[in-house]
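Take a moment to look over the chain below and turn it around on your screen. Then we'll walk through it together, one piece at a time.

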Amino acid sequence: MKKYLPAIVAGFGAGVLHVVPVAKSLTCCLVVPVAAVLAIILEQKANQLTGDFDLKRGAILGLLTGIFAALFGSFFDIFITFITKNNDIILAFNRLGETLDAFPVSDNIKEEVMTLMNSVVEAIKEKGFSSLYAFSITFNNLIVDSIFGLIGGLAGTKILNSRNM
């Protein structure tokens, strides 16, 4: 557990920023990589490491930070949606028809997408929870945050190692 603590702490911080309105849009490309670098710094300070940090270890720490950020961020997003019974999906639903019209797909597919999204919006408005929304937000966050956490871990290791020379 102790070796995962820097990734959990940094991932928690990034997960909290998943639900902050302005920081939400910067989470994948800025917040998660910075959190991965922070996890590496925390690991170095906790274990009093001097010299070069292993690139493989930095990549694993970045990946774990991304995974924890995705799990915490998804939990907070789903929890806030459950409490408020409101979400960005509800606000953007009115424009979905216009957006779908721009895609070169058949009308049947457009109707299916509208039906699915309508069921998600109605479930959130009525119960505050949609299993389809919960699954999709968690899956999306796991993929995106893991990739950017890995990138942040690798880049952070390289930057910190070059600074130590």
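Does Lys45 count as buried or exposed? Lys45 counts as exposed, because its relative accessibility is 64% and the cut-off for exposed is over 50%. You'll find Lys45 in helix H2. Now look for Pro6: 39 residues separate Lys45 and Pro6 along the chain, yet their C-alpha atoms are 9.9 Å apart. Keep Pro6 in mind, since we'll come back to it.

Let's step back for the whole view. What you have here is a predicted model, so it's fair to ask how confident the predictor was. The average pLDDT of the protein chain is 91, and 99% of the residues score at least 70. The confidence does vary from element to element: helix H3 has the highest mean, at 96, while helix H4 (residues 88-101) has the lowest, at 86.

What is the chain built from? Its secondary structure is six helices and zero strands, and reading along the sequence gives you the pattern α-α-α-α-α-α. Along its principal axes, the C-alpha trace spans about 60 × 35 × 25 Å. Of the 165 residues, 36% count as buried. If you take the contacts with a separation of 6 or more, 75% of them are between residues 24 or more positions apart.

Now zoom in on helix H1. It runs over residues 5-17, which makes 13 residues, and it reaches 19 Å from its first C-alpha to its last, close to the expected 18 Å. Here Pro6 turns up again: the buried residues of H1 are Pro6, Ala7, Ile8, Ala10, Gly11, Ala14 and Gly15. As you scan that list, remember that in an α-helix, residues three or four places apart point the same way, because there are 3.6 residues a turn. And what covers these buried residues? The cover includes helix H2 (27-46) and helix H3 (55-84).

Helix H3 is also home to Thr81. Thr81 counts as buried because its relative accessibility is 3%, and the limit for buried is under 20%. A polar atom of the Thr81 side chain lies 2.8 Å from the backbone oxygen of Asp77. Further along the sequence, beyond its neighbours within four places, Thr81 is in contact with Asn86, Asn87, Ile124, Gly128 and Tyr133.

Next stop, helix H4, where you can find Phe93. Phe93 also counts as buried, because its relative accessibility is 17%. Leaving out neighbours within four places in sequence, the contacts of Phe93 are Met114, Met117, Asn118 and Val121. Gly128, which we met as a contact of Thr81, sits 35 residues from Phe93 in sequence, and their C-alpha atoms are 16 Å apart in space.

Finally, have a look for the open space. The largest pocket holds about 530 Å³. It is lined by 23 residues, and the closest to its centre are His18, Lys24, Asp77, Asp88 and Ile137. You've already seen Asp77, whose backbone oxygen lies 2.8 Å from the Thr81 side chain. Which elements give two or more residues to the lining? They are H2, H3, H4 and helix H6 (131-164).

Key
Residues are numbered from 1 along each chain as its sequence is written. This is a predicted model: local features need pLDDT of at least 70, side-chain atom pairs count only at pLDDT 80 or more; totals for chains, interfaces and linings use all residues. Side-chain values use heavy atoms; hydrogens and water are left out. Helices (H or I, at least four residues) and strands (E, at least two) are DSSP runs, numbered from the N terminus. The expected span of a helix is 1.5 Å times one less than its number of residues. Buried means under 20% relative accessible area, exposed over 50%, partly exposed in between (1.4 Å probe, protein chains only). Contact means heavy atoms within 4.5 Å. pLDDT is the predictor's confidence in each residue, from 0 to 100. A polar contact is a pair of N or O atoms within 3.5 Å; within protein, one must be able to donate a hydrogen and the other to accept it, and residues adjacent in sequence count only if both atoms are side-chain atoms. On a 1 Å grid over the protein atoms alone, a cavity is a set of points where a 1.4 Å probe fits but cannot get out, and a pocket is an open set with protein on both sides within 12 Å along at least five of seven lines; lining residues have an atom within 4 Å of a point. Grid points are joined across faces, edges and corners, and a volume is the space filled by probe spheres set on the points.
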